[in-house]
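Trainee: Could you show me how to read helix packing and internal cavities in a model? I would like the general idea and then the case at hand.

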Amino acid sequence: MPDKSASIAVLAVLGLASHALLRWTPILAPEHMNRVAWPLFFVLIAGGVPLVFELLKKLLRREFGSDLLAGISIVTSVLLEEYLAGSFVVLMLAGGEAVEAYAVRRASSVLEALAKRMPKIAHRKIEGRFEDVPLEQVAVGELLVVLPHESCPVDATVVEGHGSMDESYLTGEPYRVSKAPGTTVLSGAINGDSALTIRADRPAIESRYAKIMQVMRESEQRRPRLRRLGDQLGAIYTPVAVVIAVLAWWLSGDARRFLAVLVVATPCPLLIAIPVAIIGAISLAAKRGIIVRDPAILEKIDTCRTAIFDKTGTLTYGRPDLIEVLPAPGFDRQVVLADVAGLERYSKHPLATAVLTAAEKDHLVLSAASEVSEPPGAGMSGKIGNRRILITSRKFVAKTYPNQAELLPPIAPGMECIVVVDDRYTATLRFRDLPRSESKDFVSHLRPRHHLDRVLLVSGDRASEVNYLAELVGIREVFSGQSPEQKLELVRRETALAPTIFLGDGINDAPALTAATVGIAIGGGNDVLTEAAGAVILETSMTKVDELLHISIRLKKIALQSAIGGMALSVLGMGLAALGYLPPVTGAIVQELIDLAAVLNAMRTSIIPSSSATDMRR
């Protein structure tokens, strides 16, 4: 009842304020002083009754938490006509539940984000024109038109047009994929600058995108829920407090001792200090460029023993870099790179950007190119001066120039382009998505500082590429060629063995992010990824992930100080109240001082330590 709790908390504040105003208004006539308590009656009836009713339902379900003690305090304060104390307890209980509600995400939020990405209609092509039809009416074999920058509605085959599509949500690859007649397209892929005519291969309900939504729905339903730290402590604290209160009443015969013990025992350090500590940690994380969407993960991170990384865009930069130019004998590296860059500046392919960046670093002067052509599947060709230059694939060279194929260097991990000048093999350009500069240090830091026993690397890429990265960053357990469904199953399997952290950056990682104990998204580029993750690292940096881990540790330390310290002082106060040394009013004052100390300590989680953020990783 998140909205109801917030409303009751607001009601309690207004009631207490009205009571204070009436009580300290000097012009209030003595005969009207009985009206002072009216706002408190309203708080207890309109706010206390619903809260107590909810607690009774929990009691019938045998759920015993720290809020049960607050419910007993409300009822006892009414019976003993301590309405002010009861109203304060209503505020504390409703406020605690309202703060807790902040941590609860609707189970359908990820599915809604996925649905927003998927078009509701398709452009059906009929006799040279097209009409919009609902997606569910698309039949297998029908021709559809995908306009520039639209999402592809179904799994299909291109029958007309040339262009490219972004399929990174499914494949995890950071590259746009060229499309031409005969190539397949996947539902949910984002079209490039050219319209494509496609033939539907299967109904929308059976598409790959629909399958992603299905596994997302299943993973949401199976997502484990962890009891709050306050409930765990309250399961011990509550019965102790009730026993002390009952013994005090029984041994003394004075019901007010029972009330005094309960007033001192009201677990404000649990109901308020812990939520305050959590909100403070969320605020600190936000200052550091980290959005905590599910505050429960701040309690869970320290329990995780397995870290699972996606590869592309997480441990790597998510973009190809030109790492090597291998000229054939008789050719100069600088000349080859200048020629290729002169041609590639007319291309929008991601590898073209990598070539131009490398040429710029070498301060090369690019020659003008003419007769530039980039037919799908055949690479790129053009003329620079009198030389005809072709930038293509190893497979194309083997088919078109079989006598030159034996000159090619061995296949290596990553991507490559073969350069042919005037029908002669000239050079091989190798590209790789390089690991982030901090990835290796971060991975090596996980076991000694965060007690993570295992680190796994999972990717949809080829085994050679994934193994190469794993060796560079120091990860031994590697899973390559994984589809989103396989990633999800792997995360579920590992989570069943031990609590897991999953880090990913693509929509294809969303199911795995949801299934892990803690899902951390690197970058906030799309709604689906953001909704699926418990936390979003806005700056694509492993250093920020490390800061989140340390914020979690610091939160748990301060929350335990506030909760256990406050409870220890409350237990001491309960003992004094049971012996008759603390009457109810004095006990309330003592409890308020304990609450103040616990909450002020909890607020420290929102303050960046003066020793700087770097010291947080010590």
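Mentor: Happily, and keep in mind that this model is predicted. Let's start with how two helices are oriented: angles under 35 degrees count as roughly parallel, over 145 as roughly antiparallel, 65 to 115 as roughly perpendicular and the rest as oblique. Here α13 (residues 333-344) and α14 (residues 350-361) pack at about 130 degrees, and the two are therefore oblique to each other.

Trainee: How far apart are the axes of α13 and α14?

Mentor: Their axes lie 9 Å apart. As for handedness, α13 makes a left-handed crossing with α14.

Trainee: Which residues make the contact?

Mentor: From α13, look for L337, V340, A341 and E344. From α14, the partners are A352, V355, L356, A358 and A359. Sorted by class, this contact has 8 nonpolar residues, no polar ones and 1 charged.

Trainee: Now the cavities. How many of 30 Å³ or more does a search of the whole structure find?

Mentor: The search finds 3. The largest cavity holds about 70 Å³ of space.

Trainee: Which residues line the largest cavity?

Mentor: Its lining is made up of I301, D302, C304, R449, H450, H451, L452, I501, L549 and I553. Two elements, α17 (439-450) and α22 (542-578), each give two or more residues to that lining.

Trainee: And what is the lining like by class?

Mentor: For the largest cavity, count 6 nonpolar, 2 polar and 2 charged residues.

Technical notes
Residues numbered from 1 in each chain as written. Predicted model: local features only at pLDDT ≥ 70, side-chain atom pairs only at ≥ 80, totals over all residues. Heavy atoms only, no water. Axes fitted to C-alpha atoms, helices over the stretch in contact; angles between N-to-C directions. Helix = DSSP H or I, 4+ residues; strand = E, 2+ residues; numbered from the N terminus. Left-handed = near helix turned anticlockwise from the far one by under 90°. Contact = heavy atoms within 4.5 Å. Nonpolar A, V, L, I, M, F, W, Y, C, P; charged D, E, K, R; others polar. 1 Å grid on protein atoms, 1.4 Å probe; cavity = no way out; pocket = protein on both sides within 12 Å on 5 of 7 lines; lining within 4 Å. Points joined across faces, edges and corners; volume = space filled by probe spheres on them.
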